[in-house]
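Trainee: Could you take one part of this model and go through it closely, in one connected account? I would like to follow how its pieces relate to one another.

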Amino acid sequence: QVQLVESGGGLVQAGGSLRLSCAASGRTLSTYRMDWFRQAPGKERELVGRIGWSAGIPYYADSVKGRFTISRDNAKNTVYQQMNSLKPEDTAIYYCAAARPGSPPNTYDYWGQGTQVTVSS
C-alpha cells in the first residue's frame, strides 16, 4: 500500500520559514510527478507547485513564486517544499500528490493526508 505522509507544518509568524516534507512509502515514486496543493478554509484547493521526475524546472503558482522552492530526493523517496517569507494568506492545509508518468494534468494516483500551516500576522 502506497502512502504519502506530509510533515513540517506548524505555526509561524509572518516572514518566517517552514520546510514541508512528503515522504512516500510502499513503492518508489522517483518517476512520478509530485505536486503540492493547499486548501484554505472556504477556498478551493490550489496547486502551489510541481516537480517532475527528473526535477527539471519546477512550476510555481504566481502567489508563491520567489518564496517557495520544491525539491526532491529520489533516494529518500521524499519531496520537499521550502517556504520562505511566509504570509498570513499562506495559511492552509498543504497536501502532496503523486501522478504516474503520462497521467493527464489533473489526475493523481496518491494523496497525502495534509499538514496544517498557520502564519500569524
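**A buried cysteine and the strands around it**

Mentor: Cysteine 96 counts as buried, with a relative accessibility of 1%, and this residue is a useful place to enter the structure, which is a predicted model. Its partner is cysteine 22, to which cysteine 96 is joined by a disulfide with an S to S distance of 2.0 Å. The link between cysteine 22 and cysteine 96 is right-handed, with 65° about the S-S bond. It connects distant parts of the chain, since cysteine 22 sits in strand 3 while cysteine 96 belongs to strand 9 (residues 92–99), and the two are 74 residues apart. Cysteine 22 is likewise buried, because its relative accessible area is 1%, which falls under the 20% cut-off. The count of disulfides in the model comes to one.

From cysteine 22 we can move to the sheet that contains strand 3. Four strands make up an open sheet, arranged in the order 1-3-8-7 with antiparallel pairing. At its edges are strand 1 (3–7) and strand 7 (68–73), each of which pairs on one side only, and from one strand to the next the twist averages 15°.

Strand 8 deserves the closest look here. Toward one neighbour, six bridges join strand 8 to strand 3 (residues 18–25), the two running antiparallel; toward the other, strand 8 pairs with strand 7, again in the antiparallel sense and over six bridges. Glutamine 82 in strand 8 shows both pairings at a single residue, being the bridge partner of arginine 19 and also of threonine 69. Strand 8 is mostly covered, with five of its six residues buried.

Strand 7 and strand 8 also form a hairpin, with four residues between them, and in the turn asparagine 77 has a positive phi of about 55°. Just after this turn comes threonine 78, which is placed in strand 8 (residues 78–83). Threonine 78 counts as buried because its relative accessible area is 9%, against a cut-off of under 20%. A polar atom of the threonine 78 side chain lies 2.8 Å from the backbone oxygen of lysine 76. Leaving aside residues up to four places away in sequence, threonine 78 touches Ser21, Cys22, Ala23, Arg72 and Asp73, and so the account returns to cysteine 22, the residue that the disulfide joins to cysteine 96.

A second link between distant parts of the chain can be set beside the disulfide. The model has four aromatic pairs, and one of them is formed by phenylalanine 37 and tryptophan 111, whose ring centres are 5.1 Å apart and whose planes stand at 40°, so the pair is tilted. Because phenylalanine 37 lies in strand 4 (residues 33–39) and tryptophan 111 in strand 10 (residues 110–111), this pair ties together parts that are 74 residues apart in sequence. As for exposure, phenylalanine 37 is buried, with a relative accessible area of 8%, whereas tryptophan 111 is partly exposed, at 33% relative accessibility. Ring pairs link these two residues with a further one, giving a cluster of Phe37, Tyr108 and Trp111.

Conventions. Residues are numbered from 1 along each chain as its sequence is written. This is a predicted model: local features need pLDDT of at least 70, side-chain atom pairs count only at pLDDT 80 or more; totals for chains, interfaces and linings use all residues. Side-chain values use heavy atoms; hydrogens and water are left out. Buried means under 20% relative accessible area, exposed over 50%, partly exposed in between (1.4 Å probe, protein chains only). A polar contact is a pair of N or O atoms within 3.5 Å; within protein, one must be able to donate a hydrogen and the other to accept it, and residues adjacent in sequence count only if both atoms are side-chain atoms. Contact means heavy atoms within 4.5 Å. Two strands pair if DSSP finds at least two bridges between them. Axes are lines fitted to C-alpha atoms, for helices over the stretch in contact, and angles run from 0 to 180 degrees between N-to-C directions. A disulfide is a pair of cysteine sulfur atoms within 2.5 Å. Rings of Phe, Tyr and Trp (its six-membered ring) pair if their centres lie within 6.5 Å; planes under 30 degrees apart count as stacked, over 60 as edge-to-face and the rest as tilted.
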